[in-house]
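Trainee: I am new to this structure and should like to go through parts of it with you. May we begin with a sheet and then turn to a loop residue and a pair of helices?

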Amino acid sequence: MIQLGGRDGGGDRPYMGGCCPRCTPHSKKAHLDPQVMQLGIRNLLRVNTMDPDRSFLVRTFCFISHTATREIRQPKADISNQAVLDTDAVQLALEQSVEMELESRGLTESPEADQLVRRVLYARAEAILTGMRTTISTVMLRFSTWALLHLLRCMLGSVLVHKGQLEAVKQAQRASPGTPVIFLPLHKSHLDYILLSFVCTNYGIQAPLVAAGDNLRIPLFGPLLSRLGAFFVKRRLDTASGRKDLLYRAILQNYMEVALARGYNMEFFIEGGRSRNGRPRPPKAGLLSVVVHAFNQQRIDDALLVPVGVSYDRIIDGNFIGEQLGRPKQGESVAAAVRAIWAVLRGRHGSVRLDLAQPFKLSEFLSTGRYPRPAPPLLDSVPLSSSPDSNSSGSSLFGLDQVDLQQRSAVSALAQHVLYDAASCCAVMSTQLVALLLLHRFRSGCTLSALTNAFGKTRDDLRTRRVDVGFTGETGDVVRSAVSLLGPGLVTEERLQMSGGPDRPPLEVTFVRPVTILPNVLELAYYSHGASQPLGVDAVLAASLLSLLTVDLAALVDAGPTRDCEVGQHQLLTAAAHLADLLSDELLLAPPCRPIEDALTEPFNRLTSAEVLVSVQDKPANESEEWASRAFARFRDQTEQADSESDYSDGDTDFGHPANETFYMVQLTADSREQLLFLQSQVAPVIDTYYITACCLHRLVGQELAEQDFVLDVLYEIKNKLMLGMLAYGESLSAETIRSALRTFRRWGVLDSFDQDGLRLIYLSRQYDGDQPLGRLVARILPFKK
């Protein structure tokens with residue numbers, strides 16, 4: 001399947017992940033040699049010691065030869081406990097913790113108690129740091145590289161990297177010697193923890209210290225990960241009562257800052273936890289704020305930030321279907337880890353592709369000041385929260401009282417930008433593309449040849465958008481391999497005999513069909529979301545266009561332009577901006593420095609270039625005004641009808657239109673109609689989930705509920721509507737998407753929340769605590785639910 005060198009492995013592969021020209025223009029020019037972009041793809045499981053020109057002994061012991069000759073780079077200075085505990089910040093946290101403990105016990109006047117509490121807290125500080133510290137062993141790095149070359153070949157066909165992306169990191173390091181590199185990957189699998197270290201070790205890049213959740217500090221695996229660079233961080237930094245653990249926070253902060261100052265590279269997952277539905281989770285910016293703080297306090301001169309995307313043909317360590325259906329997360333254990341490893345070694349998982357975006361300097365990003373992104377025009381009475389970091393979680397490790405608003409805004413924008421860059425540089429895998437086509441183009445099934453033709457066209461479309469794919473080979477072979485990897489639980493195959501005519505023998509064809517029953521469809525949707533990221537803005541525009549039309553699309557096919565389906569450019573782009581704002585907590589549509597209107601211009605131009613939208617030319621002014629009035633009156637009528645069908649009807653929506661509005665008429669061929677529906681159906685399940693979540697908000701009128709209980713209520717409502725045939729997509733049953741909807745409603749000022757006894761309670765804001773304002777909210781979502 002993988003052919004390295006030649007056309008498929010060489011310089012025609014797109015280089016993805018270039019720096020943002022708005023925020024980091026200097027890094028974009030300085031750290032990217034055009035020749036580097038042409039280096040192509042490398043399979044790390046195919047080492048050069050296997051080459052036929054090597055000696056017999058080298059070829060026989062190729063993996064030992066390979067790992068023995070790797071250059072292992074590590075800083076010479078170790079990180080001692082004393083170097084961290086003696087910092088001013090840790091000493092201050094110790095003093096504050098002593099005072100708080102004595103005050104809580106009423107012993108502020110007792111010198112004996114003061115000494116006792118001080119000794120206890122100092123011992124706790126040493127224990128925290130001892131459990132957190134890591135010491136990378138070069139011997140273990142070599143051994144793990146040798147072991148992984150064997151183990152990965154058992155479960156994977158290839159581990160693919162773009163050589164140009166790796167060389168860009170090395171060039172950036174050479175240009176800024178001693179500057180720490182911060183790798184910021186997306187998180188899909190437990191294999192992510194060691195995959196990047198494996199890649200760095202193979203390519204002569206200093207292996208990073210890796211922030212790992214303390215749930216992985218289990219016997220056998222915890223010590224092994226620690227020797228490979230993992231330092232363990234508590235999943236919850238504070239106590240269950242919500243009281244800040246100042247001592248733990250100070251030790252974590254200063255351990256990271258000391259490591260960075262001594263030249264250690266670092267890796268932590270920008271999402272915090274693993275993705276539940278295949279889409280990136282909201283950024284967790286707590287650890288990133290430590291890097292920014294270290295730079296602002298001049299503990300480090302600068303840092304090179306590298307967003308990282310990881311794509312799997314088949315997810316290694318299981319899915320999160322249970323959590324998507326509302327079941328609690330299962331804890332980690334040795335037995336579960338052993339079972340998972342055994343299952344992985346027995347299975348086939350295709351290929352893994354790791355993409356490193358172009359490195360950029362932290363100092364350059366912070367100096368541009370291009371944050372936060374200007375908000376799109378909002379639906380009339382739904383205000384955005386004024387908080388600049390409302391989309392990210394945990395924007396500061398230190399607490400709001402110690403970080404100024406400008407730094408919080410910078411950290412939040414940086415986290416959102418890194419998340420977007422990491423998602424944008426991910427290659428599309430064959431299983432992801434097959435899942436996308438089966439769910440959104442051939443949901444009722446199709447022949448294998450039809451799937452193969454659509455696969456090839458979509459792959460070529462992705463290439464024109466400068467999106468790379470994680471597969472090579474003949475299209476038919478790639479599709480058959482992807483269907484096999486997805487397995488019969490997700491895709492069924494059936495051999496059918498087709499009549500060949502009076503003079504021809506019967507023709508045997510393969511018919512493939514996606515499994516759309518629950519819970520299988522949720523896993524299939526997980527894979528499809530990996531391929532839908534590059535098409536997200538197009539999908540939003542397509543859904544907005546269809547929401548403005550009242551005629552049946554079938555009547556438009558090959559009918560030519562007609563006045564019954566005209567639409568204004570401003571009207572369409574404004575509706576799309578509203579939909580993009582609604583879905584911005586679920587879909588990554590634009591970086592924070594770019595207005596969503598700019599991002600929508602590209603898919604709009606694609607529609608006009610394809611002549612799906614045909615401009616109305618040379619119309620008299622009075623006739624244009626008549627068309628404009630009719631078009632917007634029709635949309636108002638549609639909205640009012642939606643209001644009347646809603647349980648909560650009040651008010652209407654009018655996007656308004658400028659005097660110089662440009663109008664277009666929609667004309668469709670069979671192919672363009674199919675493409676529009678293909679794009680629209682990618683966001684339709686999300687819109688359905690948001691709509692049902694908005695309808696269920698009436699349960700919060702006059703009361704507060706635990707967020708988890710409310711999520712379960714919405715899941716129950718969606719499941720009932722699926723059983724009654726009132727919803728078309730089983731993948732709408734997603735706890736993660738419901739939580740995204742709740743984040744959106746919090747950002748809009750509809751909801752508020754607070755923590756109590758370890759639970760998050762949600763309630764309606766005063767402005768929306770009633771059926772009438774909630775009805776207006778529901779009515780604004782309903783036009784897009786088509």
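Mentor: Two strands pair if DSSP finds at least two bridges between them. Please keep in mind that this is a predicted model.

Trainee: In what order do the strands of the open sheet of three strands stand?

Mentor: E13 and strand E15 (residues 663-666) are joined by three bridges and run antiparallel. E14 and E15 also pair in the antiparallel sense, over three bridges. The open sheet of three strands, with antiparallel pairing, therefore has the order E13-E15-E14.

Trainee: Which strands stand at the edges?

Mentor: A strand with a single partner strand has one side left without a neighbour in the sheet, and this applies to each of the two edge strands. They are therefore strand E13 (566-568) and strand E14 (613-615). From one strand to the next, the twist averages 40°.

Trainee: Which residue of E15 is the bridge partner of Glu 566?

Mentor: On the E13 side, Gly 568 stands opposite Phe 663 in E15. On the E14 side, Leu 613 stands opposite Val 666 in E15. For Glu 566, the bridge partner in E15 is Met 665.

Trainee: Are the residues Phe 663, Tyr 664, Met 665 and Val 666 of E15 buried or exposed?

Mentor: Phe 663 and Met 665 point one way from the strand, while Tyr 664 and Val 666 point the other way. Whichever way they point, all of them are buried.

Trainee: Turning to the loop between strand E7 (304-312) and helix H14 (321-324), is Asp 313 buried or exposed?

Mentor: Asp 313 has its place in that loop. Its relative accessible area is 5%, and buried means under 20%. Asp 313 is therefore buried.

Trainee: With which side chain does Asp 313 make a polar contact?

Mentor: Residues that Asp 313 touches, not counting those up to four places away in sequence, include His 349, Met 429, Thr 431 and Tyr 527. Ser 430 is also among them. The polar contact is 3.3 Å long, and the side chain that Asp 313 meets there is that of Ser 430.

Trainee: How are helix H18 (residues 430-440) and helix H21 (residues 520-532) oriented to each other?

Mentor: Their axes are 7 Å apart, and the helices pack at an angle of about 115°. H18 passes H21 in a left-handed crossing, and the contact includes Thr 431 and Leu 436 of H18 and Leu 524 and Tyr 527 of H21. Angles of 65 to 115 degrees count as roughly perpendicular. H18 and H21 are therefore roughly perpendicular.

Terms used
Residues are numbered from 1 along each chain as its sequence is written. This is a predicted model: local features need pLDDT of at least 70, side-chain atom pairs count only at pLDDT 80 or more; totals for chains, interfaces and linings use all residues. Side-chain values use heavy atoms; hydrogens and water are left out. Helices (H or I, at least four residues) and strands (E, at least two) are DSSP runs, numbered from the N terminus. Axes are lines fitted to C-alpha atoms, for helices over the stretch in contact, and angles run from 0 to 180 degrees between N-to-C directions. Buried means under 20% relative accessible area, exposed over 50%, partly exposed in between (1.4 Å probe, protein chains only). A polar contact is a pair of N or O atoms within 3.5 Å; within protein, one must be able to donate a hydrogen and the other to accept it, and residues adjacent in sequence count only if both atoms are side-chain atoms. Contact means heavy atoms within 4.5 Å. Angles under 35 degrees count as roughly parallel, over 145 as roughly antiparallel, 65 to 115 as roughly perpendicular and the rest as oblique. A crossing is left-handed if the near helix is turned anticlockwise from the far one by less than a right angle, and right-handed if clockwise.
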